Amino acid sequence: MSNLIQRFHATTFLTSANQLNQLPDNDGREVAFAGRSNAGKSSALNALTSQNTLARTSKTPGRTQLINYFEVDEKSYLVDLPGYGYAKVPERIRLHWRSVLQGYFETRKNLVGLVMLMDVRHPLTPLDLQMLEWCEAQNLPTHILLTKADKLKRGPAKTALFQVQAALKEFKMPVTVQLFSATDHTIGLQDALKVLNEWLPRD
(Lines give C-alpha, C1' and ligand atoms only; values in the text may rest on other atoms or scores of the structure.)
Protein backbone atom coordinates (compact mmCIF):
# COMPACT_ATOMS: atom_id res chain seq x y z
CA MET A 1 0.00 0.00 0.00
CA SER A 2 1.51 3.33 -1.08
CA ASN A 3 2.01 6.14 1.42
CA LEU A 4 -0.77 8.15 -0.23
CA ILE A 5 -3.24 5.29 -0.06
CA GLN A 6 -2.22 4.60 3.54
CA ARG A 7 -2.80 8.20 4.52
CA PHE A 8 -6.31 8.43 3.09
CA HIS A 9 -7.21 4.91 4.23
CA ALA A 10 -7.08 6.29 7.79
CA THR A 11 -9.99 8.68 7.04
CA THR A 12 -12.87 8.46 9.52
CA PHE A 13 -16.39 9.92 9.70
CA LEU A 14 -16.54 13.08 11.83
CA THR A 15 -19.99 14.71 11.70
CA SER A 16 -23.00 15.62 9.55
CA ALA A 17 -24.76 18.96 9.09
CA ASN A 18 -28.08 19.99 7.59
CA GLN A 19 -27.59 23.73 8.15
CA LEU A 20 -24.60 26.04 7.83
CA ASN A 21 -24.62 26.76 11.56
CA GLN A 22 -24.03 23.05 12.23
CA LEU A 23 -20.71 22.97 10.36
CA PRO A 24 -17.47 22.46 12.30
CA ASP A 25 -15.32 25.48 13.11
CA ASN A 26 -13.31 26.97 10.24
CA ASP A 27 -10.14 25.26 11.41
CA GLY A 28 -7.53 23.46 9.34
CA ARG A 29 -8.10 22.63 5.67
CA GLU A 30 -10.98 20.95 3.87
CA VAL A 31 -11.61 19.67 0.35
CA ALA A 32 -15.22 19.37 -0.77
CA PHE A 33 -16.72 16.81 -3.16
CA ALA A 34 -19.68 17.81 -5.32
CA GLY A 35 -21.50 16.40 -8.31
CA ARG A 36 -24.78 15.30 -9.78
CA SER A 37 -26.57 12.69 -7.75
CA ASN A 38 -25.74 9.91 -10.21
CA ALA A 39 -22.09 10.85 -10.85
CA GLY A 40 -20.69 8.28 -8.41
CA LYS A 41 -19.55 10.65 -5.67
CA SER A 42 -19.89 8.21 -2.77
CA SER A 43 -18.18 5.44 -4.74
CA ALA A 44 -15.30 7.79 -5.55
CA LEU A 45 -14.86 8.76 -1.89
CA ASN A 46 -14.80 5.10 -0.91
CA ALA A 47 -12.24 4.31 -3.61
CA LEU A 48 -9.99 7.22 -2.65
CA THR A 49 -9.98 6.10 1.00
CA SER A 50 -9.77 2.37 0.19
CA GLN A 51 -12.90 1.82 2.28
CA ASN A 52 -16.11 0.17 1.16
CA THR A 53 -18.56 1.92 3.47
CA LEU A 54 -17.08 5.30 4.46
CA ALA A 55 -19.56 7.15 2.24
CA ARG A 56 -22.93 5.51 1.80
CA THR A 57 -23.63 4.34 -1.72
CA SER A 58 -27.13 3.65 -2.98
CA LYS A 59 -28.84 2.50 -6.13
CA THR A 60 -31.19 5.44 -5.57
CA PRO A 61 -29.34 8.67 -6.52
CA GLY A 62 -29.77 11.67 -4.24
CA ARG A 63 -29.51 9.87 -0.91
CA THR A 64 -26.77 12.14 0.44
CA GLN A 65 -28.95 14.82 2.04
CA LEU A 66 -26.47 16.20 4.55
CA ILE A 67 -23.02 17.75 4.47
CA ASN A 68 -20.83 14.91 5.74
CA TYR A 69 -17.37 15.58 7.20
CA PHE A 70 -14.59 13.01 7.18
CA GLU A 71 -11.29 13.53 9.00
CA VAL A 72 -8.18 12.44 7.10
CA ASP A 73 -5.79 13.37 9.89
CA GLU A 74 -5.40 16.30 12.25
CA LYS A 75 -7.02 19.39 10.70
CA SER A 76 -7.44 17.82 7.24
CA TYR A 77 -10.97 17.02 6.09
CA LEU A 78 -12.92 15.66 3.13
CA VAL A 79 -16.44 17.06 2.83
CA ASP A 80 -19.20 15.18 1.02
CA LEU A 81 -21.76 17.71 -0.22
CA PRO A 82 -25.36 16.77 -1.16
CA GLY A 83 -25.68 15.60 -4.75
CA TYR A 84 -27.56 17.92 -7.06
CA GLY A 85 -29.88 17.60 -10.03
CA TYR A 86 -31.93 14.54 -9.14
CA ALA A 87 -35.52 15.09 -10.31
CA LYS A 88 -37.29 12.92 -7.72
CA VAL A 89 -36.11 15.04 -4.80
CA PRO A 90 -38.95 17.33 -3.56
CA GLU A 91 -38.69 20.96 -4.65
CA ARG A 92 -38.40 22.27 -1.07
CA ILE A 93 -35.38 20.01 -0.46
CA ARG A 94 -33.77 21.05 -3.74
CA LEU A 95 -34.15 24.71 -2.78
CA HIS A 96 -32.72 24.01 0.68
CA TRP A 97 -29.69 22.22 -0.77
CA ARG A 98 -29.11 25.03 -3.24
CA SER A 99 -29.17 27.62 -0.46
CA VAL A 100 -26.88 25.56 1.80
CA LEU A 101 -24.42 24.80 -1.01
CA GLN A 102 -24.19 28.44 -2.06
CA GLY A 103 -23.71 29.52 1.55
CA TYR A 104 -21.09 26.84 2.07
CA PHE A 105 -18.98 28.03 -0.86
CA GLU A 106 -19.29 31.67 0.19
CA THR A 107 -18.47 31.24 3.89
CA ARG A 108 -15.99 28.39 4.37
CA LYS A 109 -12.67 30.14 4.89
CA ASN A 110 -10.69 26.90 5.13
CA LEU A 111 -12.05 25.39 1.90
CA VAL A 112 -8.93 24.88 -0.23
CA GLY A 113 -10.37 23.04 -3.22
CA LEU A 114 -13.34 21.30 -4.79
CA VAL A 115 -13.31 17.85 -6.33
CA MET A 116 -16.14 17.88 -8.84
CA LEU A 117 -17.51 14.63 -10.21
CA MET A 118 -19.08 14.24 -13.64
CA ASP A 119 -20.09 11.06 -15.43
CA VAL A 120 -17.65 10.88 -18.35
CA ARG A 121 -20.58 9.94 -20.61
CA HIS A 122 -22.61 13.07 -19.67
CA PRO A 123 -20.23 15.86 -18.58
CA LEU A 124 -20.84 19.61 -18.27
CA THR A 125 -24.58 19.62 -17.67
CA PRO A 126 -26.16 23.02 -16.93
CA LEU A 127 -25.96 22.29 -13.18
CA ASP A 128 -22.29 21.33 -13.50
CA LEU A 129 -21.64 24.63 -15.26
CA GLN A 130 -23.46 26.50 -12.50
CA MET A 131 -21.24 24.81 -9.92
CA LEU A 132 -18.15 25.81 -11.91
CA GLU A 133 -19.42 29.40 -11.99
CA TRP A 134 -19.72 29.35 -8.18
CA CYS A 135 -16.13 28.11 -7.97
CA GLU A 136 -15.00 30.83 -10.37
CA ALA A 137 -16.76 33.49 -8.28
CA GLN A 138 -14.81 32.31 -5.22
CA ASN A 139 -11.61 31.67 -7.21
CA LEU A 140 -11.71 28.17 -5.76
CA PRO A 141 -9.26 25.62 -7.21
CA THR A 142 -11.27 22.83 -8.82
CA HIS A 143 -10.30 19.33 -9.90
CA ILE A 144 -12.78 17.36 -12.00
CA LEU A 145 -13.02 13.58 -11.94
CA LEU A 146 -14.67 12.21 -15.06
CA THR A 147 -16.10 9.16 -13.36
CA LYS A 148 -17.10 5.75 -14.73
CA ALA A 149 -14.28 5.95 -17.27
CA ASP A 150 -14.18 2.14 -17.25
CA LYS A 151 -17.58 2.22 -19.03
CA LEU A 152 -15.96 3.66 -22.18
CA LYS A 153 -13.22 2.39 -24.43
CA ARG A 154 -9.95 4.29 -24.28
CA GLY A 155 -10.58 6.34 -27.45
CA PRO A 156 -14.02 7.73 -26.53
CA ALA A 157 -12.85 8.35 -22.94
CA LYS A 158 -9.89 10.41 -24.18
CA THR A 159 -12.16 12.32 -26.56
CA ALA A 160 -14.49 13.22 -23.67
CA LEU A 161 -11.48 14.34 -21.60
CA PHE A 162 -10.20 16.61 -24.39
CA GLN A 163 -13.68 18.12 -24.91
CA VAL A 164 -14.00 18.99 -21.22
CA GLN A 165 -10.45 20.41 -21.15
CA ALA A 166 -11.35 22.69 -24.05
CA ALA A 167 -14.56 23.88 -22.38
CA LEU A 168 -12.76 24.67 -19.13
CA LYS A 169 -10.51 27.26 -20.79
CA GLU A 170 -13.22 29.90 -20.35
CA PHE A 171 -13.05 29.66 -16.55
CA LYS A 172 -10.59 31.85 -14.67
CA MET A 173 -10.02 29.82 -11.47
CA PRO A 174 -7.39 27.05 -11.36
CA VAL A 175 -9.17 23.99 -12.81
CA THR A 176 -7.90 20.58 -13.89
CA VAL A 177 -9.61 17.42 -15.11
CA GLN A 178 -8.80 13.71 -15.31
CA LEU A 179 -10.39 10.35 -16.09
CA PHE A 180 -11.38 8.28 -13.05
CA SER A 181 -12.95 4.97 -12.17
CA ALA A 182 -14.07 3.89 -8.71
CA THR A 183 -13.93 0.23 -9.72
CA ASP A 184 -10.80 0.08 -11.91
CA HIS A 185 -8.14 1.64 -9.71
CA THR A 186 -5.66 1.82 -12.59
CA ILE A 187 -7.77 4.65 -14.04
CA GLY A 188 -6.92 7.84 -12.20
CA LEU A 189 -6.79 6.78 -8.55
CA GLN A 190 -3.18 7.78 -7.89
CA ASP A 191 -3.55 11.05 -9.81
CA ALA A 192 -6.59 12.03 -7.74
CA LEU A 193 -4.84 11.11 -4.48
CA LYS A 194 -1.88 13.33 -5.45
CA VAL A 195 -4.21 16.31 -5.89
CA LEU A 196 -5.81 15.69 -2.48
CA ASN A 197 -2.40 15.35 -0.88
CA GLU A 198 -1.25 18.66 -2.40
CA TRP A 199 -4.37 20.45 -1.16
CA LEU A 200 -4.14 18.86 2.28
CA PRO A 201 -0.41 18.95 3.10
CA ARG A 202 0.67 17.58 6.42
CA ASP A 203 1.96 20.38 8.63
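Helices (H or I, at least four residues) and strands (E, at least two) are DSSP runs, numbered from the N terminus. The model is predicted: local features need pLDDT of at least 70, side-chain atom pairs count only at pLDDT 80 or more, and totals for chains, interfaces and linings use all residues. Residues are numbered from 1 along each chain as its sequence is written, and side-chain values use heavy atoms, with hydrogens and water left out.

**Exercise 1. Proline 82**

Task: State where proline 82 is found, and determine whether proline 82 is buried or exposed.

Solution.
Step 1. Proline 82 lies in the loop between strand 4 and helix 3.
Step 2. A residue is buried under 20% relative accessible area, exposed over 50%, and partly exposed in between (1.4 Å probe, protein chains only).
Step 3. The relative accessible area of proline 82 is 4%, so proline 82 is buried.
Step 4. Tryptophan 97 is 15 residues away from proline 82 in sequence, and their C-alpha atoms are 7.0 Å apart in space.

**Exercise 2. The length and surroundings of helix 3**

Task: Compare the expected span of helix 3 with the distance between its end C-alpha atoms, and name what covers its buried residues.

Solution.
Step 1. The expected span of a helix is 1.5 Å times one less than its number of residues.
Step 2. Helix 3 has 17 residues and should therefore span 24 Å; its end C-alpha atoms are 24 Å apart, which agrees.
Step 3. The buried residues of helix 3 are Ile93, Trp97, Val100, Leu101, Gly103, Tyr104 and Phe105.
Step 4. Their cover includes strand 2 (29–35), strand 3 (67–73), strand 4 (76–80), strand 5 (111–119) and helix 4.
Step 5. Arginine 94 also belongs to helix 3, but at 33% relative accessibility arginine 94 counts as partly exposed. Between arginine 94 and tyrosine 84, ten residues apart in sequence, the C-alpha distance is 7.7 Å.

**Exercise 3. The packing of helix 3 and helix 4**

Task: Describe how helix 3 and helix 4 pack, and classify the residues of their contact.

Solution.
Step 1. Axes are lines fitted to C-alpha atoms, for helices over the stretch in contact, and angles run from 0 to 180 degrees between N-to-C directions.
Step 2. Helix 3 (residues 91–107) and helix 4 (residues 126–137) have axes 10 Å apart, at an angle of about 30°.
Step 3. The two helices are therefore roughly parallel to each other (angles under 35 degrees count as roughly parallel, over 145 as roughly antiparallel, 65 to 115 as roughly perpendicular and the rest as oblique).
Step 4. On the side of helix 3, the contact (heavy atoms within 4.5 Å) is made by Arg98, Leu101, Gln102 and Phe105; on the side of helix 4, by Gln130, Met131 and Trp134.
Step 5. These residues divide into four nonpolar, two polar and one charged (Ala, Val, Leu, Ile, Met, Phe, Trp, Tyr, Cys and Pro count as nonpolar, Asp, Glu, Lys and Arg as charged, and the others, Gly among them, as polar).

**Exercise 4. Two positive phi values**

Task: Locate serine 50 and leucine 124, and give phi for serine 50 and for leucine 124.

Solution.
Step 1. Serine 50 is in the loop between helix 2 (41–48) and strand 3. Although serine 50 is not a glycine, its phi is positive, at about 55°.
Step 2. With a relative accessible area of 33%, serine 50 is partly exposed.
Step 3. Leucine 124 is in the loop between strand 5 and helix 4. Phi of leucine 124, a residue other than glycine, is positive and near 55°.
Step 4. Leucine 124 touches Met118, Leu129, Leu132, Val164 and Ala167, residues up to four places away in sequence not being counted.
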